[in-house]
Amino acid sequence: MARILYDLCGRDERLRFSPYCWRVRMAMAHKGLSFDTVPWRFLEKEALAFANYDKVPVLSDGDTVVTDSFEIMRYLDKAYPEAPVLGEGISYQRALFFKRFVERSVTPPIFRIVAMDLLEAIDPSDKAYFRETREARFGARLEEVHQPEQGRRQLKRVLAPVRDQLRASLFIDGGEPGGADYLLFGSMMWAYSVSLEVLVDEEDPLDLWFKRMLEVHGGVAGKATTIRDL
Ligand SMILES: N[C@@H](CCC(=O)N[C@@H](CS)C(=O)NCC(=O)O)C(=O)O
């Protein structure tokens, strides 16, 4: 039966930039699973009513509906155990820790680098909602949150251990990419999709890793539409 991923889209329907959706897209590619996507905008809450959820990604796989990106990755490991992305036991707990690190420490500085580019990339019908909800979250105007230089400095600091890891192995999870790679990549792909801002220095182990990630699994991410194509 068909697998359908509800996936955030921007002002051009081909622009898919949600960090959470990118994790799932990469996990699906890792397992060689095909899927269709339904482009979704922030205000289209009724389209997700069947899932009893108000955010994307939502995965519909035959009769099964799964919400929340990490839960979807976990579901994929259970339903399609070959080529695990998170694994079980200790491996799962470490992936969960890495997810928390990405969401707590990496995503906020990235937001500071691309806040205004995100606003520019989203569908015009979503702009007022996006501004209102994100400004309430940050307690400041988006124009004040948008501080690329400060964001880059902060990002460089928090990613130091990942940089060390990537000096020792091609991917965060070892010789091949795995769940940790997809979790961090999702957040960096978010920025790369909507902005020309540089996240990490050229030739930094993280930059080389990001370029490798664009090429893995048949270049699924590298071939995606970004702001450079519009
Ligand atoms: N914990 C959720 C977070 C998902 C999430 O925040 N998705 C954003 C798109 S990147 C969304 O749908 N936001 C809806 C809204 O802000 O109303 C996950 O990991 O899937």
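I began at the end of α1, where the helix is followed by Gly32, a residue with a positive phi near 70°. I note at the outset that this is a predicted model, and I read each entry below with that in mind.

**Helix α1**

I next looked up how the length of α1 compares with expectation: its end C-alpha atoms are 17 Å apart, which agrees with the 16 Å that 12 residues should span at 1.5 Å a residue. I then asked how many residues of α1 are buried. I found that 11 of its 12 residues are buried, and the helix is mostly covered. The buried set includes Pro19, Tyr20, Cys21 and Trp22, and also Arg23, Arg25 and His30. Looking for what lies over these residues, I listed β1, β3, α2, α3, α8 and α9 as part of the cover.

**The two domains**

The domain assignment gives domain 1 as 3-79 and domain 2 as 89-221, and I recorded 19 Å between their centres, taken over C-alpha atoms. In the contact between them, 19 residues of domain 1 meet 23 residues of domain 2. On the domain 1 side, α1 (19-30) and α2 (69-79) each supply at least two residues, and α1 gives the largest share, with nine residues. I also sorted this side of domain 1 by residue type, and it divides into 12 nonpolar, three polar and four charged residues.

**The ligand shell**

I counted 13 residues around the ligand, of which the closest are Ser18, Tyr20, Lys55, Asp68 and Ser69. The elements that give two or more residues to this shell are α1 and α2. By type, the shell divides into seven nonpolar, three polar and three charged residues.

Asp68 deserved a separate entry, since its phi is near 80°, a positive value in a residue other than glycine. Asp68 sits in the loop between β4 (64-67) and α2, and I asked whether it is buried or exposed there. It counts as partly exposed, because it has 17 C-beta neighbours inside 10 Å, whereas 20 or more would be needed for a buried residue.

**The loop between β2 and β3**

Two backbone features drew me to this loop, and I kept in mind that most residues other than glycine have a negative phi, and most peptide bonds are trans. Asn52, which lies in the loop between β2 and β3, has a positive phi near 55°. Asn52 is exposed, because it has 9 other C-beta atoms within 10 Å. The peptide bond from Val56 to Pro57 is cis, with omega near 10°, and Pro57 too has its place in the loop between β2 (36-40) and β3.

**The nonpolar core**

I then turned to the largest nonpolar core, which has 56 residues, and found that those with the most contacts inside it are Ile110, Leu184 and Ala191. Among the elements that each supply at least two residues of this core are β1 (3-8), β3 (58-61), α3 (89-121) and α7 (160-168). The core draws at least three residues from each of domain 1 and domain 2. For background I noted that in soluble globular proteins, nonpolar side chains tend to be buried together.

Taking Ile110 by itself, and not counting residues up to four places away in sequence, I found that Ile110 touches Gly151, Leu155, Ser187, Trp190, Ala191 and Leu199.

**Helix α8 and the loop after it**

Gly179 lies in helix α8 and counts as buried, because it has 28 C-beta neighbours inside 10 Å. Leaving aside neighbours within four places in sequence, Gly179 is in contact with Met73, Val85, Leu86, Ala95 and Asp173. I also checked Gly179 against Leu96: they are 83 residues apart in sequence and 9.6 Å apart in space, C-alpha to C-alpha.

Val198 lies in the loop between α8 (179-194) and α9 (205-219), and I asked why it counts as exposed. The reason is that Val198 has 12 C-beta neighbours inside 10 Å, and a residue is exposed if it has 12 or fewer. The C-alpha atoms of Val198 and Ser169, 29 residues apart along the chain, are separated by 23 Å.

**Helix α4**

My last entry concerns α4 (residues 127-138), which has 12 residues and reaches 16 Å from its first C-alpha to its last, close to the 16 Å expected at 1.5 Å a residue. Just after α4, Gly139 takes a positive phi of about 65°.

Notes:
Residues are numbered from 1 along each chain as its sequence is written. Domain bounds come from an automatic or database domain assignment. Two residues are in contact if their C-beta atoms, placed from the backbone, lie within 7 Å. Helices (H or I, at least four residues) and strands (E, at least two) are DSSP runs, numbered from the N terminus. Ala, Val, Leu, Ile, Met, Phe, Trp, Tyr, Cys and Pro count as nonpolar, Asp, Glu, Lys and Arg as charged, and the others, Gly among them, as polar. A residue is near a molecule or strand if its C-beta atom, placed from the backbone, lies within 6 Å of it. The expected span of a helix is 1.5 Å times one less than its number of residues. A nonpolar core is a set of buried Ala, Val, Leu, Ile, Met, Phe, Trp, Tyr and Cys residues joined through C-beta atoms within 7 Å.
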